[in-house]
Amino acid sequence: LVLSASFAALMAAGVASPAFAATNTATATATDVDAVTVTGSFIAGTPEDAAMPVEAVNLEELRNQGSPSNIDLVKGLTEIGSVAGEANRNNAFSIGAASINLRSLSSSRTVVVFNGRRFPEQYSASVGRFNNIALIPTAAIGRVEILKEGGATTYGADAVGGVINYITRRNLDGVEMSANYRQIQGSDGDYDISISGGKLFENGNIMGVVSFTHRSELDLSARDSGEEVFGLRL
């Protein structure tokens with residue numbers, strides 16, 4: 001039985017978090033700029049065809065995908081390698097942890113930032129440092145931005161695989177509750193429940209999220225040889 005719970009109390013200043021990009025002015029004076037070159041990851045709205053392409057998923061797109069968990073969203077990225085989060089036994093990661101591995105360069109070479117700030121690190125015997133995205137409540141996320149071509153110039157050598165920025169919601173005014181259940185053949189299924197509350201002010205907002213996630217055991221012996229891939233248990 002794998003149980004995990006997440007709690008977040010999130011405060012924002014009422015301005016959009018920086019997306020991935022930075023600028024460098026070739027020549028500039030107080031009144032004149034000859035050229036602006038995108039080099040890094042702190043300008044909002046960096047297009048996907050820029051020199052440092054950014055893939056962004058907003059709240060509406062997340063809901064259209066069925067509000068996937070953090071690990072499910074990560075596994076759907078085309079540039080993702082093997083990650084922790086599905087096998088939580090004898091893999092040298094803490095039970096319940098979920099990692100990100102862009103470009104298959106190891107989780108230690110992918111950096112996770114939260115509202116533009118580095119997310120706390122954990123360590124495993126297999127890869128060293130990694131960011132545990134299971135600690136981020138899914139209900140708190142309003143946008144996810146992925147710097148796909150590496151961010152070592154801006155963030156250091158541990159970001160050579162890429163950078164993912166989780167940005168919290170900033171427009172919640174009231175209380176929301178959500179619950180999800182997934183039936184999985186051979187197990188008791190996975191489910192989660194979350195309660196979100198927020199308040200908008202003239203110059204900012206405050207939001208709090210409490211979430212609970214349960215993932216049932218799934219033994220290899222419970223999988224058939226392929227006769228029945230999907231099933232429904234009542």
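**Exercise 1.** Is Glu 121 buried, partly exposed or exposed? Work that out, then look at its salt-bridge partner.

*Solution.* This is a predicted model, so we work from its computed values.
- Step 1: Glu 121 has a relative accessible area of 33%. Buried means under 20% and exposed means over 50%, so Glu 121 counts as partly exposed.
- Step 2: Arg 129 forms a salt bridge with Glu 121, and their closest N and O atoms sit 2.9 Å apart.
- Step 3: Arg 129 comes out at 11% relative accessible area, which makes this residue buried.

**Exercise 2.** Find the residues that form salt bridges with Glu 176 through Arg 63 and Arg 169, and say how exposed each one is.

*Solution.*
- Step 1: Start with Arg 63, whose closest N and O atoms with Glu 176 are 3.7 Å apart. This pair ties together distant parts of the chain: Arg 63 belongs to helix H1 (residues 59-64) and Glu 176 to strand E11 (residues 174-182), 113 residues apart.
- Step 2: Now take Arg 169, where the closest N and O atoms are 2.9 Å from each other in the salt bridge with Glu 176.
- Step 3: Check exposure. Arg 63 is partly exposed at 46%, Glu 176 is partly exposed at 30%, and Arg 169 is buried at 8%.
- Step 4: For the wider picture, the count of salt bridges is 9. Asp 72, Lys 75, Arg 182 and Asp 190 are joined in a network of them.

**Exercise 3.** Sketch the open sheet and explain which strands stand at its edges.

*Solution.*
- Step 1: Put down 5 strands in the order E4-E9-E10-E5-E6, with mixed pairing.
- Step 2: Strand E4 (54-58) and strand E6 (117-118) each have a single partner strand, so they stand at the edges with one side lacking a neighbour in the sheet.
- Step 3: Zoom in on E5 and E10, which pair in the parallel sense over 5 bridges. Val 112 has Ile 164 in E10 as its bridge partner.

**Exercise 4.** Describe the largest nonpolar core.

*Solution.*
- Step 1: This core has 20 residues, and Ile 100, Leu 102, Ile 133, Val 144, Ile 164 and Tyr 166 have the most contacts inside it.
- Step 2: Helix H2 (70-75) and strands E5 (110-114), E9 (141-147) and E10 (162-168) each supply at least two of its residues.
- Step 3: Pick Ile 133: among the residues it touches are Ile 71, Val 74, Val 112 and Tyr 166.

**Exercise 5.** Where does pLDDT stay under 50?

*Solution.*
- Step 1: The protein averages 74, and 70% of the residues score at least 70.
- Step 2: Residues 1-29 stay under 50, and so do residues 37-46.

Note on methods
Residues numbered from 1 in each chain as written. Predicted model: local features only at pLDDT ≥ 70, side-chain atom pairs only at ≥ 80, totals over all residues. Heavy atoms only, no water. Core = buried A, V, L, I, M, F, W, Y, C linked by side-chain atoms within 4.5 Å. Buried < 20%, exposed > 50% of the residue type's maximum accessible area, 1.4 Å probe, protein only. Helix = DSSP H or I, 4+ residues; strand = E, 2+ residues; numbered from the N terminus. Contact = heavy atoms within 4.5 Å. Pairing = 2+ DSSP bridges. pLDDT = per-residue confidence, 0-100. Salt bridge = Lys/Arg side-chain N within 4 Å of Asp/Glu carboxyl O. Lists of a residue's contacts leave out its neighbours within four places in sequence.
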